[in-house]
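Dear colleague,

I am handing over the structure that we spoke about, and I would be grateful if you could look through it before reading my notes.

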Amino acid sequence: MKLGTRIQLSITGLIVFLLLTANTAIYLLFESRSISSEQDRLIGIAETVIKKLNSREDQTTEQVLQAYLISNGLIRIVLEDGTPVDQVSTDKDFFFIQTAFKDDQFEQVITFRDARFAVISVPVIGDDGAVINLQIVENIDRLYETIDDLKWVLIVTSIVLAFVLFLVSWFLGKWISRPIQELTYTMKTIEENESYERIDVKKETKDELTILASTFNRMIDRLEASYLKQEQFVSDASHELKTPLTVIFSYIKLLRRWGTTRPDVMEEALSAIESESSRMRYLTEQLLQLAVSEELIENERGKMNISPLVEQTVKRLRVMYENDIQYTIQRPVIMADVHEQSFVQLLIILLDNARKYSDDVIHVSLNQDHEVIQLQVKDYGIGIPKEAQPYIFDRFYRVDKVRGRKTGGSGLGLSIAKRIAEQHGGMIKMSSMEKEGSVFTVLLPKSEA
Ligand SMILES: Nc1ncnc2c1ncn2[C@@H]1O[C@H](COP(=O)(O)OP(=O)(O)OP(=O)(O)O)[C@@H](O)[C@H]1O
Ligand SMILES: [Mg+2]
């Protein structure tokens with residue numbers, strides 16, 4: 001069921017129920033009040049009649065009763081066995097109305113030949129000392145007509161009110177559910193068009209729907225960003241993988257043609273295939289690194305002393321590098337909240353670049369001032385041209401493709417380093433001068449010991 005319809009039906013249902021209850025109560029109260037006040041009036045008459053009967057001089061009982069006869073009814077005196085002795089009436093038919101005898105006063109409403117009558121009975125001591133009943137019976141059809149009028153007024157107003165409410169709640173339902181419908185419509189459009197549309201958020205209202213819409217917009221922002229990133233990544237990756245594959249493919253064709261007869265061609269082809277496939281392996285490893293989820297790093301992070309970590313890494317790489325690596329570590333204990341492997345990888349990426357793009361000594365330093373930890377890798381190599389500097393942290397970006405090829409990189413190192421720094425709540429900076437060298441600085445928040 002639609003939200004609007006649900007609102008409409010529940011409001012109408014509730015109000016109709018309240019109306020019915022209130023109107024039934026009004027009706028019943030009015031009916032019983034009207035009848036009992038009529039009966040009170042009749043009892044008043046009966047008491048006057050009794051007084052008159054006791055103080056009469058030469059009037060007969062019937063004459064007294066006649067004097068107090070009401071406009072549409074009868075007055076009678078009933079003996080203990082139920083037989084009326086004296087009675088006067090405005091209509092002879094009323095004599096056939098049966099009434100009971102009781103020792104106590106009583107009031108009731110009876111039906112006689114489709115007409116309704118109010119009956120009151122007051123016990124009196126008769127002339128002979130026995131208890132008799134003085135009873136007045138009055139036709140109250142007129143009274144019931146008024147009660148019926150009220151009934152119809154209540155029924156008609158209830159129906160009119162229910163109808164009006166039905167319409168009002170229909171508008172209300174529409175009004176409340178319209179923003180939701182708009183929201184749903186936009187979401188559907190986005191789904192169908194596979195586009196990234198945003199919902200118009202009205203600034204002045206701060207209700208739940210606005211919050212929902214803003215949340216949705218933020219979600220779309222993130223989706224779009226991650227989609228664009230992914231798209232970029234896939235196109236970059238396939239582009240990068242295509243080149244070695246094309247090379248391998250051409251050399252295989254060459255092998256098929258000349259392989260058996262020309263050993264020099266076979267040698268060249270095999271070594272080219274070997275180097276291209278090792279490049280591809282390196283590339284895919286790097287790509288997998290980039291795909292490591294942030295949660296993994298987040299969960300496996302821990303407080304540790306990174307001074308020995310830096311020292312060990314530098315010593316390990318020194319053996320493999322042709323360049324000399326110098327290091328200064330400010331304190332033996334520098335605590336940081338890091339994912340060990342990623343942190344070491346970050347340092348290796350920077351050292352690897354310094355090695356590839358310089359022939360001179362490399363300086364590594366680790367410092368800590370009151371708030372941040374600074375890890376710096378400095379080289380005196382070829383440097384990075386000014387115009388290339390904004391892009392070196394982008395995936396697959398390499399300053400000079402030809403020069404890059406010789407050093408065999410994929411252009412992913414610095415983008416991985418940047419990501420690692422950011423995952424640790426830090427950042428990476430660079431300053432470089434062409435032909436003079438480069439400095440890469442990683443800033444990390446420090447952790448209490
Ligand atoms: N220390 C440096 N000196 C000079 N140029 C650098 C230095 N570090 C990075 N670059 C330039 O920035 C580019 C991007 O570096 P990045 O580490 O991302 O990729 P790569 O070293 O080419 O390949 P990979 O690290 O993935 O093997 C490099 O191609 C190089 O041109
Ligand atoms: Mg690199």
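Below is what was found in it, beginning with how the values were obtained.

This is a predicted model, in which local features need pLDDT of at least 70 and side-chain atom pairs count only at pLDDT 80 or more, while totals for chains, interfaces and linings use all residues. Residues are numbered from 1 along each chain as its sequence is written, chains are lettered from A and ligands numbered from 1 in the order in which they are written, and side-chain values use heavy atoms, with hydrogens and water left out.

An open sheet of five strands (DSSP runs of E, at least two residues, numbered from the N terminus) has the order 2-1-5-4-3 with antiparallel pairing, where two strands pair if DSSP finds at least two bridges between them. Strand 2 (84–89) and strand 3 (106–112) each have a single partner strand, so one side of each is left without a neighbour in the sheet. Within the sheet, strand 4 (residues 115–125) pairs with strand 5 (residues 131–139) over nine bridges, and valine 124 stands opposite isoleucine 132 in strand 5.

Valine 156 is found in helix 3 (residues 141–193), helices being DSSP runs of H or I of at least four residues. This valine 156 is partly exposed, with a relative accessible area of 46%, a class that lies between buried (under 20%) and exposed (over 50%), with a 1.4 Å probe and protein chains only.

The span of residues 174–228 is 75% helix and 0% strand, and its end C-alpha atoms lie 38 Å apart.

With best regards
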